[in-house]
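Biologist: Could you take me through how one reads the meeting of two helices from neighbouring chains? I would like to begin with the sense in which they cross.

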Amino acid sequence: MKKENKKFDFKMPEGYFDSLTSHIMDKVEKDDVALRYNDDFMIPEGYMDTFSEKVLQRLETEEVKVLPLRSFRKHYYAIASIAAVLVLFIGLLWNKNNAYTYSDLANSDIEGYFDLDGWEFSPYELAEILPVDQMDLHGILEQQLDNEKVIDYLDDNIKNLEELNLSQDD
Amino acid sequence: MVEEETLVLQLKQKEAKAFEMLVNAYKVRLYWHIRRIVLDHDDTDDVLQNTFIKVFRNIDGFKGESKLYSWMYRIATNEALGFLKSRSQLQNLDTEELMATKIANLRADVYYDGDEIQLKLQEAIALLPEKQKLVFNMKYFQEMKYEEISTILDTSVGGLKASYHLATKKIEAYLKKN
């Protein structure tokens with residue numbers, strides 16, 4: 001069976017190509033407007049045209065100077081060690097005649113000691129040891145929860161935040 | 001447009017043409033994203049340049065776990081927020097005071113064409129907490145989908161919806177009051 005050699009006969013609307021150029025130019029102009037305007041903000045004319053060149057040039061001219069740390073490292077460690085020894089020595093001499101008592105320790109130091117050593121005191125036991133009446137609780141009691149922090153907390157701890165129906169808009 | 005994987009490979013080989021293609025593909029979107037955060041054109045220009053420089057220098061660290069544009073958006077966001085923080089420190093202001101100054105300057109800005117209502121809207125947005133401001137700008141002005149925003153801000157869609165809801169309520173209240 002012979003295949004028919006069909007010719008397709010497409011027809012163009014009259015004057016199609018005459019208006020094509022102006023349609024394209026209209027679109028280019030609209031795109032240009034969208035490029036330069038975004039609601040109430042504007043971009044200077046020609047800014048986007050020269051931007052990539054500006055960035056590439058900056059990349060070419062900027063050189064990151066890397067200091068040769070290797071050679072300084074030995075000296076740095078030596079100086080740091082000597083300084084540490086000196087500070088320790090001076091500190092020991094300074095406090096030679098001062099005997100520490102419990103009143104010299106900050107409450108935070110005492111709390112930190114219990115934490116580090118893994119002493120498993122309950123909050124009630126700690127309250128008996130630490131002078132609670134001297135602690136400033138105003139900051140804790142008066143603190144108001146920030147909405148963003150609440151949302152972040154819920155986000156981290158709830159599987160499906162949407163079940164809370166917090167939002168109405170999509 | 002070259003496939004993303006191929007482009008990333010070319011970028012990692014520091015090919016200038018690939019980088020130029022990347023800049024041209026994303027400069028407009030990133031510009032408006034940054035502009036909505038820092039408000040004026042000159043600051044946006046600085047941050048946008050720094051963003052692309054950072055992208056170029058850190059492209060080896062891009063593992064392809066997210067889309068390239070999400071990664072770039074994240075860099076742009078951090079650069080813009082970092083810019084505001086350092087500017088406020090330099091001027092010895094907190095971020096709120098800095099944003100109030102920037103809003104006040106908008107009125108006389110040659111590249112700002114908003115009316116009084118639009119200016120009030122910018123004021124209301126500038127007063128939002130950081131995350132709410134970002135979510136609002138990306139959802140309302142840039143019309144991004146929550147899923148896209150989620151990959152950029154690394155927050156769940158539910159969390160974003162909640163943030164957007166709170167942001168719109170605050171803006172509404174501010175506009176009614178002022």
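Modeller: In this predicted model, the crossing of helix α7 of chain A and helix α9 of chain B is right-handed.

Biologist: Which residues make the contact of α7(A) and α9(B)?

Modeller: On the side of α7(A) they are Asn147(A), Ile151(A) and Asp155(A), while α9(B) brings Gly158(B), Gly159(B), Ala162(B), Ser163(B) and Leu166(B). Sorted by class, the residues of this contact comprise three nonpolar, four polar and one charged.

Biologist: At what angle do the helices α7 of chain A and α9 of chain B pack?

Modeller: Helix α7 of chain A, which covers residues 147–157, and helix α9 of chain B, which covers residues 157–177, pack at an angle of about 160°, and their axes are 10 Å apart. Because angles over 145 degrees count as roughly antiparallel, α7(A) is described as roughly antiparallel to α9(B).

Biologist: How many residues does the contact take from chain B and from chain A?

Modeller: Chain B gives 32 residues and chain A gives 26 residues. On the side of chain B that touches chain A, at least two residues come from each of α2 (16–38), α3 (41–58), α7 (130–141) and α9. That side of chain B has 14 nonpolar, twelve polar and six charged residues.

Biologist: What does the model score for ipTM and pTM, and what pLDDT does chain B average?

Modeller: The model has an ipTM of 0.86 and a pTM of 0.63, whereas chain B averages a pLDDT of 92, with 99% of the residues scoring at least 70.

Technical notes: Residues numbered from 1 in each chain as written. Chains lettered and ligands numbered in written order. Predicted model: local features only at pLDDT ≥ 70, side-chain atom pairs only at ≥ 80, totals over all residues. Axes fitted to C-alpha atoms, helices over the stretch in contact; angles between N-to-C directions. Helix = DSSP H or I, 4+ residues; strand = E, 2+ residues; numbered from the N terminus. Parallel < 35°, antiparallel > 145°, perpendicular 65-115°, else oblique. Left-handed = near helix turned anticlockwise from the far one by under 90°. Contact = placed C-beta atoms within 7 Å. Nonpolar A, V, L, I, M, F, W, Y, C, P; charged D, E, K, R; others polar. pLDDT = per-residue confidence, 0-100.
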